[in-house]
Amino acid sequence: MSFKTIIEPFRIKSVEPIHMSTVEQRLAYIQEAHFNPFLLRARQVIIDLLTDSGTSAMSSEQWAGILRGDESYAGAQSWERLEYEIKDLTNYPYILPTHQGRAAERILYGYLGGKGKVFISNTHFDTTRANIEFSGAEAIDIPCREAADHDSDFPFKGNMDVAKLDELIEKRGAVNIGAIILTVTNNTGGGQPVSMANTREVSRVCKKHGVLFIIDCCRVAENAYFIRHREPEFADTSYRNIAQQMFALADGCVMSAKKDALVNIGGFLALKNEELATACTNLLIITEGFTTYGGLSGRDMEAIAIGLREVFEDDYLNYRIKSTAYLGERIRAKGVPVLYPIGGHAVYVDAGLLYPHIPAHEFPGQALVCELYTRGGIRAVEIGTVMFGKYDEAGHTVAAPMELVRLAIPRRVYTQSHIDYVIEVFDEIMKHRNETRGLRIVKEPKFLRHFTAHFERL
Ligand code: F0G
């Protein structure tokens, strides 16, 4: 006998109050924040779906680990535990702890990058792209063709276009390739999974050309869920073993532990190649810290070591993926255009389709995040022309390929009634869709402008 209701597979031991607010208050708050939800104060937000990164609730085991943290400068027991867990999971011999994912990216891609180098990915995450471009190198996205159809039920829209990969490496020359980066799940591409079959193909092409293959594995457990349920060969394989098989196909990985290690801060870089690991270790010591803590405290390492195990538990992943789908399926049923099938960590709304009257240079995604905040106190993030748009030589906006808004679900934080509230707010969004207006940028920095840009409503 099994029931339809998926309950949260945990009880709540410690609670944090949510501050309620009115529409009038939120209108004032968003104006003060220059219509950029990144600039809101967290206590002005009711449901925070800005990111699933660093926002997890830790388990009682992890909190116990926090007390056990060994804060020795060198060779701490907490480091031994973390190193053991990462080696057991990845089977890579060289482990470099960093304070978060982008520090690992800066070290690895900064070392491999530079002018003339090319990095190719299913889709680079924004910090990945920024670190590569900051080094002077070029970042090219080659998502699979099926990813462009937002409504089909193709099961692995996170895949890389392998034929294009082969062609590109041929054309650019293998010596000029910094690395091939497979992001699992593909965050920027809609949180969509990558299949094991695709990973094998990418691995084959990389080996053929002798180029480095790196997995951005920050959501590798969520990706393993989809592989087990959508690739028949893996129906009886454990989630952890699926991840292990995936790591075996690559030369290393970069991880932001703030996602699937269920912690609030942390990351690592893990590599097979000794020479590359030595070069990266030098950079680690200069910028992050000694090799046995990197940018982390002992207690952080302890919590990551525990989280890396918990995240592969059947009950946890079942609840995690099904509760994300719960939100996505219900707003889709109301006519909200979403990327389909629903991904692992977030629901992606296609704001370009929701607001066809708002052109890309007036940022339909930013319009939606402002609506979600003022109407419901919900904070979400634009992944469209604000985040990825560029200017051409004449100063005109070059639009991003998609105008998305991401509703990212923090792990183990919100209950079903919180999500039911979000679903209800979408009724209001739909009711007012035709009168919603776009925005213009009044101030922006050169890199990663979405974090700090100021906007005005048109
Ligand atoms: N790679 C991917 C796929 C990510 O999603 C992120 C972060 C990073 C790398 C960088 O890791 O934040 O620890 O430095 N993503 C967060 C997000 C910020 O909201 O999706 P970090």
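Here is a short friendly conversation about a predicted model of a protein chain.

Me: Let's begin with the fold. How many helices and strands does the protein chain have?
Reply: Happy to start there. The model is predicted, and its secondary structure holds both helices and strands. The count comes to 16 helices and 16 strands.

Me: Why is the protein chain said to be as compact as a globular protein of its length?
Reply: The globule rule gives 23 Å for 458 residues. The radius of gyration of the protein chain is close to that value, so the chain is as compact as a globular protein of that length. Along the principal axes, the C-alpha trace spans about 60 × 55 × 45 Å. The radius of gyration itself is 21 Å.

Me: What share of the contacts with a separation of 6 or more joins residues 24 or more positions apart?
Reply: A look at burial sets the scene: 58% of the 458 residues are buried. Among contacts with a separation of 6 or more, the share from residues 24 or more positions apart is 72%.

Me: What about the surface and the charges: how far apart are the centres of the positive and negative sets?
Reply: The accessible surface is about 19400 Å², and carbon and sulfur atoms hold 52% of it. The chain carries 51 positive and 58 negative side chains. The centres of these two sets are separated by 2 Å.

Me: Now for aromatic rings. Which kind of pair do F10 and Y319 form?
Reply: A pair of aromatic rings is described by the distance of the centres and the angle of the planes. The whole structure has 10 aromatic pairs. For F10 and Y319, the centres are 5.5 Å apart and the planes meet at 85°. With over 60 degrees counting as edge-to-face, the F10 and Y319 pair is edge-to-face.

Me: How many residues apart in sequence are the parts that F10 and Y319 tie together?
Reply: F10 sits in the segment before helix 1 (23-32), while Y319 belongs to helix 12 (residues 314-333). The pair therefore ties together parts of the chain that are 309 residues apart in sequence.

Me: Is Y319 buried or exposed?
Reply: Its partner F10 has 27% relative accessibility, so F10 counts as partly exposed. Y319 has 6% relative accessibility, and the cut-off for burial is under 20%. Y319 is therefore buried.

Me: Which residues form one aromatic cluster with F10?
Reply: F10 and Y319 already form an aromatic pair. The cluster also takes in another tyrosine, Y316. Together with F10, its members are Y316 and Y319.

Me: Let's turn to F363 and F455. Where does F455 lie?
Reply: These two rings form an edge-to-face pair, at 6.0 Å centre to centre and 80° between the planes. F363 is in the loop between helix 13 (351-354) and helix 14 (364-376), and the pair ties together parts 92 residues apart in sequence. F363 is buried at 3% relative accessibility, and F455 is buried at 3%. As for its place, F455 lies in strand 16 (residues 454-457).

Me: The backbone next. What is omega for the cis peptide bond that joins Y340 and P341?
Reply: P341 is placed in the loop between helix 12 and strand 9 (346-350). A cis bond also runs from V184 to T185, with omega near -20°, and T185 is in the loop between strand 5 (177-183) and helix 7 (196-209). For Y340 and P341, omega is about -5°.

Me: Is L262, with its positive phi, buried or exposed?
Reply: L262 has a phi of about 60° although it is not a glycine, and its place is the loop between strand 7 (252-256) and strand 8 (267-271). H34 has a positive phi near 55°, and at 32% relative accessibility H34 counts as partly exposed. L262 has 0% relative accessibility, so L262 is buried.

Me: To finish, which residues does D166 touch, leaving out those up to four places away in sequence?
Reply: D166 is in helix 6 (residues 162-172). A163 is in helix 6 too, and its C-alpha is 9.0 Å from that of V205, 42 residues apart in sequence. D166 has V205 among its contacts, and the full set is V205, K208 and H209.

Conventions: Residues numbered from 1 in each chain as written. Predicted model: local features only at pLDDT ≥ 70, side-chain atom pairs only at ≥ 80, totals over all residues. Heavy atoms only, no water. Helix = DSSP H or I, 4+ residues; strand = E, 2+ residues; numbered from the N terminus. Rg over C-alpha atoms; globule rule 2.2 N^0.38 Å. Buried < 20%, exposed > 50% of the residue type's maximum accessible area, 1.4 Å probe, protein only. Contact = heavy atoms within 4.5 Å. Areas by Shrake-Rupley, 256 points an atom, 1.4 Å probe, with all protein chains shown as cover. Lys, Arg positive; Asp, Glu negative; His and termini not counted. Charge placed at Lys NZ, Arg CZ, Asp CG, Glu CD. Phe/Tyr/Trp six-rings, centres within 6.5 Å; stacked < 30°, edge-to-face > 60°.
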